[in-house]
Amino acid sequence: MILVLAAELAIFTVLSPSFMQVNNMRNVLVQSVFILLLACGMTLVLITGAIDLSVGATLGLSAGVTMYVLITTQHVGLAILSGVVSGLAIGVINGFMVAKVGLNSFIATLATLAIAEGGLRLLDDLRPLRVTEAKVEGGWFDFIGDGRVWGIPVPVLIGLAVVIILQFVLRETSFGRSVYSIGINREAAHLSGFRVVWTRSMVFVLSGLIAGLAGVILASRLGSAQAGLGLGYELDAIAAAVIGGTSLAGGRGDMIGALLGALVLGVLSNGLQLAGVDPAWFQVVLGASIIGAMLANEWLAKAALGISMRAAPELEQAREVDTAYIRGFLALEGTTVPDLLDARLRLESRAAALAAERITEEEAQTLRDLLSRMADETASDEEYARLDQMLHQTIVAASKDTELQSEYRTATEQLFITYSTRVLKLPARRLLAMSGHARLVEAITSQNSAAAERAMREHLDEVRDQLDAYLDTGRESAEGGTVMAAESGR
Amino acid sequence: MTGEPKGPTSGTSRQRIAAVLARPGVSLLIFVVAISIVAGLLEPSFFTVNNWVNMVNQMIFVLIVGIGMTVVLIGGGIDLSVGSIVGLSGGVTAWLMGNGVPLGAAVVVGIVTGLGLGIVNGLVITRLKIPDFIATLATLAVIRGLLHAWTEGVPFTGYSTEGYRLLAGLDPLVWRITVPMIVAAGVAALAALMLRYTSIGRHIRATGSNREAASLAGVRVNGVKILLYAGSGTLAGLAGILLAGRLDTVQPQMGADLMILAIAAAILGGAALTGGRGSILGAVVGAFTLILIQNLVNLFNITPAWEPLIIGVVILAAVVFNRTSTLVVRRASKRKAEGVAA
């Protein structure tokens with residue numbers, strides 16, 4: 001998406017000279033901040049596999065409450081606080097209804113959307129919500145929306161702060177890990193000891209809180225609020241999140257994606273305006289551009305990986321695409337194939353050893369069942385790949401070590417998605433891996449810890465050889481090297 | 001709801017009741033009936049034929065679009081562009097009528113417009129491999145933008161004819177029965193039968209529950225996807241034609257609110273955004289619930305400023321009721337099962 005953003009910037013710079021001016025760039029950023037903030041909260045919620053439709057209306061309500069309190073009490077601090085708290089309140093209701101009561105998030109937040117919209121309408125009915133009604137000095141209220149620090153608009157600073165904080169929370173804290181694991185598999189997250197209800201409520205509370213904050217900034221910027229403010233922003237926020245790589249099905253996404261998505265949309269909309277697109281056709285061009293941006297993202301990613309699609313014969317071409325795709329994909333995630341395999345070797349051999357000590361009869365039975373299903377030669381390659389993945393996951397789960405489980409998930413998630421369905425298709429791979437799997441299950445179910453660890457190492461070394469041969473990476477060292485690398489803990 | 005089990009003999013009937021209650025839309029229906037009784041006691045004009053015919057007439061648009069949405073959701077997609085398709089198809093038919101094209105031709109072109117836009121959605125999603133949500137969000141903007149650009153902000157009006165009034169239900173067919181009522185009932189019945197008894201229905205459900213597995217089982221998942229969006233587009237086109245006839249004016253924002261209502265109706269009726277689940281009967285009850293809430297707000301002369309707030313609270317009440325009754329039923333039947341086992 002960075003490439004798409006760069007392409008957008010380049011195109012609009014050529015189309016309209018005023019686009020790249022500092023003033024306009026400031027405008028773009030400030031205009032994007034509201035969608036960005038909402039998209040940050042939305043991304044959190046989406047990663048857990050839920051959705052928050054109320055963010056736009058919450059932003060409107062918060063702006064209305066801020067103006068109302070400002071007008072009635074003339075107190076800036078109190079007004080800002082009430083605005084943020086009103087957003088928080090909607091978030092708490094959402095969190096309670098979805099996580100605790102167990103309502104479908106789409107319907108629950110659709111209802112709070114209507115409630116927040118209604119709240120703003122009532123306030124608007126009571127008195128006009130304009131800053132001119134308040135007899136306070138501009139001062140810090142204006143500063144929030146219009147102020148600058150070192151030439152950077154305050155809203156932009158707030159937006160960036162939210163992105164950085166949430167990105168840190170997502171990637172570095174156990175709360176962040178529970179957000180992802182709930183999105184991937186809620187049942188498994190619960191079994192792994194994550195506080196599912198608490199996390200699911202908190203993402204809504206945070207989303208409401210951020211929407212409240214965005215409402216305060218918007219109120220300060222506009223100096224007024226009227227019924228209907230913020231309606232429809234939720235779709236833009238979802239769009240920004242999804243463009244940034246968040247999946248509606250949960251388990252994927254981050255704040256950097258939300259940032260890029262919001263900027264892609266913001267630049268597009270500002271650039272099209274400056275390029276003089278007829279207002280009547282604006283929506284048409286905007287919609288088409290969104291599709292264009294998604295396509296460009298794919299093409300640019302492929303082009304950057306240097307694939308020539310026509311040069312190679314069909315089979316060779318498929319392999320090249322796989323190779324480049326897997327490498328490129330992992331490079332984007334800031335890691336490499338050998339890195340991931342090392343991590344996997346380290347984690348899984350430990351998991352195998354622990355599993356052999358702690359396995360329950362039920363789990364042992366599951367492993368045997370999986371093994372016998374894998375031995376069925378009529379099973380399709382995809383089916384086999386899935387069973388293979390389940391086998392490994394069951395072993396890791398049987399270790400009953402939550403730290404290990406969540407680390408394992410992060411390390412292998414990308415790898416499994418990309419290569420299990422493609423690479424494992426090779427028929428030879430199946431035959432070879434079967435004996436490894438059989439030894440592994442045998443060692444674990446007979447509760448021989450040392451043998452289990454050894455079997456897992458051997459099995460994963462085979463996997464590494466296969467993958468290396470397929471990816472043609474040319475390994476740096478022989479088997480001993482990998483074991484050493486694994487033991488040194490990467 | 002269901003009390004303690006009294007003995008082994010009461011088991012089967014009790015379990016049967018529990019099974020019926022656990023079906024999508026049934027507990028919501030109980031909520032609707034309860035609310036209706038309370039409303040009827042408070043406001044006698046609620047239980048008049050007039051009011052109910054009114055509600056059914058209002059419900060038709062949400063219902064027709066909502067059925068398309070339910071099927072799309074079952075198939076694992078989501079169609080955000082339906083509101084815009086309603087607007088553009090209605091606009092096409094209205095414009096053709098205004099320029100002297102006969103009703104039949106105008107209606108066919110309107111429906112084909114919806115079908116075409118639906119196929120475009122399906123192709124964008126399957127060929128260009130763009131996520132359903134983003135693809136239909138983009139076509140939502142494009143289609144709505146086309147209507148804006150075409151009308152230049154000036155609504156189409158004064159195109160109605162006697163035939164169009166009959167078709168759109170402004171004039172009844174027999175007694176108070178109108179053509180749109182029959183159309184909506186037919187659409188609902190066809191959709192329910194298709195989902196239940198045809199292989200296409202099974203393919204749709206399979207695609208929605210597990211796309212990869214369905215594909216391995218020989219379902220042409222891309223074909224199913226295109227079919228889903230084509231169907232949803234066609235139904236939106238149909239709703240657009242009926243709505244344009246009903247309103248006798250097409251303004252550029254026509255139908256914009258139908259998208260969220262249609263999704264809400266489908267989900268109230270038990271559909272899930274994650275695909276594979278949903279029922280037509282549920283969507284009917286869901287659509288009716290939404291219309292009932294609006295009707296009550298109107299009937300009790302609630303100040304417009306309070307309207308959205310109350311709608312929100314009642315929707316919340318409805319889903320909480322739906323949820324708790326499902327839980328109660330599930331717990332009761334579980335207790336029953338344990339009792340039988342012991």
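Here are three short exercises on how chain A and chain B meet in a predicted model. Residues are numbered from 1 along each chain as its sequence is written, and chains are lettered from A in the order in which they are written. Local features need pLDDT of at least 70 and side-chain atom pairs 80 or more, while interface totals use all residues.

**Exercise 1.** Work out how many residues each chain gives to the contact.

*Solution.* Start with the cut-off: contact means heavy atoms within 4.5 Å. Chain B then brings 38 residues and chain A brings 41. Next, take the buried area (accessible area, 1.4 Å probe, lost on putting two parts together, summed over both). That's about 3600 Å², with 83% from carbon and sulfur atoms. Phe133(B), Ile134(B) and Leu316(B) supply 15% of what chain B buries against chain A, more than any other three residues.

**Exercise 2.** Find which element gives the largest share of chain B's side.

*Solution.* List the helices (DSSP runs of H or I, at least four residues). Those giving two or more residues are H6 (132-151), H10 (211-216), H12 (258-268) and H14 (307-341) of chain B. H6(B) wins with 11 residues. Now sort this side by class: 32 nonpolar, three polar and three charged residues. Nonpolar covers Ala, Val, Leu, Ile, Met, Phe, Trp, Tyr, Cys and Pro; charged covers Asp, Glu, Lys and Arg; the others are polar.

**Exercise 3.** Check the confidence in chain A.

*Solution.* pLDDT is the predictor's confidence in each residue, from 0 to 100. Chain A averages 76, and 78% of the residues score at least 70. By element, the mean is highest in helix H10 (residues 196-222) of chain A, at 93, and lowest in helix H21 (residues 479-487) of chain A, at 33.

How values were computed
Side-chain values use heavy atoms; hydrogens and water are left out.
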